[in-house]
Amino acid sequence: MAVVLENKRVAPDVYLMRLTDTPAKPGQFYMLRPLPGSLEPLLGRPISVFDCEGCESSFLYRVVGKGTELLSQRRASDSVDAVGPLGNGFPLEDRDLTVVGGGIGIAPLYYLLKAHRARFPGRKRSAYLGFSGDSFLTEEFSALCDVSKVNIGGFVTDDVDFSVPALYCACGPTPMLRAAKKRAEAAGAALLLSLEARMACGVGACLGCSCATISGNRRVCKDGPVFPAEEVLL
Amino acid sequence: MSRLQVNLLGVSMKNPVIAASGTFGFGEEYRAFFDPGLLGGISSKGLTLHGSKGNGGVRVWETPAGMLNSIGLENPGVAHFIERELPLMRRIPSALLCNMGGHSLEDYEQGAAMLDKADIDILELNISCPNVKAGGMAFGMEPATAADVVRRVRALCHHPLLVKLSPNAPDLIAVARAVEEAGADGLSLTNTFLGMAIDVDRRRAVFDNVYAGLSGPAILPLALRMVHQVCKAVTIPVVGLGGIATWRDALCFLMAGATAVQMGTAGFADPLAMPRAIEGLEKYCEEQGLQNILEIRGIV
Ligand SMILES: Cc1cc2nc3c(=O)[nH]c(=O)nc-3n(C[C@H](O)[C@H](O)[C@H](O)COP(=O)(O)OP(=O)(O)OC[C@H]3O[C@@H](n4cnc5c(N)ncnc54)[C@H](O)[C@@H]3O)c2cc1C
Ligand SMILES: Cc1cc2nc3c(=O)[nH]c(=O)nc-3n(C[C@H](O)[C@H](O)[C@H](O)COP(=O)(O)O)c2cc1C
Ligand code: FES
């Protein structure tokens, strides 16, 4: 169980919630349940760690249904169920880092950039963020990066030059990931994708989140959510 | 002897709580949350002879106080299980139930023959999976077909045989009786209820297979009624399951006549649901002055 420290709206339908007792590495996620102990809604909602300081993580989420709606109504000092940290997360590598995020898919990339900066201050960081409507938290990203570009309404992957040597990490809607994979492959770039799937357990037990890869089915929750782009069949 | 100790089909279990098939992998996934060895038993993911990649499309979908699944028996196959997963699972000091399904009578027979020599405690024969196109639940719908597969497996396999029944059978009691007569040592029920979901925005069924299996707290009253009826109709032990989330829920099934219970979906919502239920049952025995939990078995 975790306690809400803050839950604020950062754009229409987009909230940033900070919780106690949620340690994590970049790219990991938690299964959050807005009403602890309640059997309705039953399942945890997989939400990425946006940022983490010590044992407190913040979560950037968009209200799309009943679970995220209820989450948005939780106030400071309310408790929520937080099962995690889950998933493999992003590796921190001693080379330049370029992140590509689409919409709410920017969520796991912030902490990645921050941890990369702390570990490899001399390296270059770039962020390409795409939004279909309102953008959010873009200044927070640019503060961590040498290059940052925001694309509203277009194809964010068109802005990225994958021939520049770097580790590329992307998260966003599947069509965006597909485009990124295609371009990275053409340029021979190393690209990691953070995938989404509907989940029940979040820990690798139910096989509800299987995704097809070149080496057979893998579980997005346990073997992922981060996979090398060349391995996944999107 | 501990107050929670029970004997299921000749297998001694430290408590009557078993992790339900398909919801606990092969026993390792929840280790970060609790020691799986605390459980009375663990039922493996449903195996098929040759293994399967499972179903495409959406596989899980939340419903009011429950969920639909269409995993489609994704599993590594019987041989792989015996070689790879079983040795690890065997290290967990809980009763080991091997859940096995099939697409044809030959599948069931070959799988059972292979498992006969394997170090498992109980074979849980799954004739109730609603998510595979050929076979699966089809074997559990009619008394004659159910009895046939049970008789054949019985002849090939010397492990205690628990047969997992489908709540979707038109005449569940008749299937239960036929399976008992065909040589089953015990029955487990229920598997998931056949359900459906429609994505109204996309104007289509959510699942590629259209129908899927409903589990979780939403099914508890239905499953409990069926367990109660079946316990009255057969003389072999019954393992009750369907929507159990707390020790009180577990107690309902024991009071209805079950010798043990299984828990599945509740563990997705709360990874500690099973250890909490075991603790609750222990406390209950203490408070009620029971020497053994099964003193209340079948009192309703
Ligand atoms: C690894 C991972 C990380 C994620 N990180 C974030 C994040 O940081 N911020 C954010 O806003 N969203 C994130 N998502 C998506 C988020 O999980 C869904 O938006 C959320 O579950 C919707 O819940 P709901 O109750 O509001 O919607 P409902 O539609 O009412 O949910 C019904 C069911 O469907 C599931 N579901 C619905 N949409 C999705 C989806 N897109 N992906 C997975 N499951 C879904 C729900 O979990 C629930 O079980 C992530 C998903 C995954 C898999
Ligand atoms: C994701 C999932 C996968 C399942 N896989 C199997 C399986 O492989 N074999 C089987 O006999 N039952 C399987 N079941 C059914 C459960 O073992 C159990 O019978 C059912 O879910 C009802 O119990 P519950 O409400 O406690 O989950 C599965 C259920 C779920 C939710
Ligand atoms: S959500 Fe259960 S295995 Fe991934």
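## Salt bridges and polar contacts between the chains

Across the interface of chain B and chain A, the rule finds two salt bridges in this predicted model. One to look up in your viewer is formed by the side chains of Glu29(B) and Arg219(A), with an N to O distance of 3.1 Å. Polar contacts across this interface come to 12 residue pairs, with both partners at pLDDT 80 or more.

On the chain B side, the elements that give two or more residues to the surface touching chain A are strand E5 (60-63), strand E6 (66-69) and helix H7 (266-269). E5(B) gives the most, with four residues. Sorted by class, this side of chain B has 15 nonpolar, six polar and six charged residues.

## How much surface is buried

If you like to think in areas, chain B and chain A bury about 2,100 Å² between them, and 64% of that lies on carbon and sulfur atoms. Within chain B, the residues that lose the most area to chain A are Glu29(B), Glu62(B) and Ala269(B), which together make up 28% of what that side buries. Glu29(B) is thus worth a second look: it appears in this group and it also takes part in the salt bridge with Arg219(A).

Counted by residues, the contact takes 27 from chain B and 23 from chain A.

## Ligand 2 between the chains

Ligand 2 lies between chains A and B. There are 25 residues around this ligand, and those that come nearest are Ser21(B), Lys164(B), Gly216(B), Gly243(B) and Thr265(B).

Several distances to oxygen atoms of ligand 2 are handy if you want to check the pose. For Lys164(B), an N or O atom of the side chain is 2.7 Å from a ligand oxygen. For Gly46(B), the atom involved is a backbone N or O, at 3.0 Å from an oxygen of ligand 2. The side chain of Asn191(B) also has an N or O atom 3.5 Å from an oxygen atom of the ligand.

## A closer view of Thr20(A)

Over in chain A, Thr20(A) sits in the loop between strand E2 (14-19) and strand E3 (29-33). Its relative accessible area is 15%, so Thr20(A) counts as buried, the cut-off being under 20%.

What does Thr20(A) touch, leaving aside residues up to four places away in sequence? The partners are Ala2(A), Val3(A), Leu5(A), Cys55(A) and Glu56(A). With Val3(A) there is a polar approach as well: the backbone nitrogen of Val3(A) lies 2.8 Å from a polar atom of the Thr20(A) side chain.

Key:
Residues numbered from 1 in each chain as written. Chains lettered and ligands numbered in written order. Predicted model: local features only at pLDDT ≥ 70, side-chain atom pairs only at ≥ 80, totals over all residues. Heavy atoms only, no water. Buried < 20%, exposed > 50% of the residue type's maximum accessible area, 1.4 Å probe, protein only. Polar contact = N/O pair within 3.5 Å; in protein donor to acceptor, adjacent residues only side chain to side chain. Contact = heavy atoms within 4.5 Å. Buried area = accessible area lost by both parts, 1.4 Å probe. Salt bridge = Lys/Arg side-chain N within 4 Å of Asp/Glu carboxyl O. Nonpolar A, V, L, I, M, F, W, Y, C, P; charged D, E, K, R; others polar. Near = heavy atom within 4 Å.
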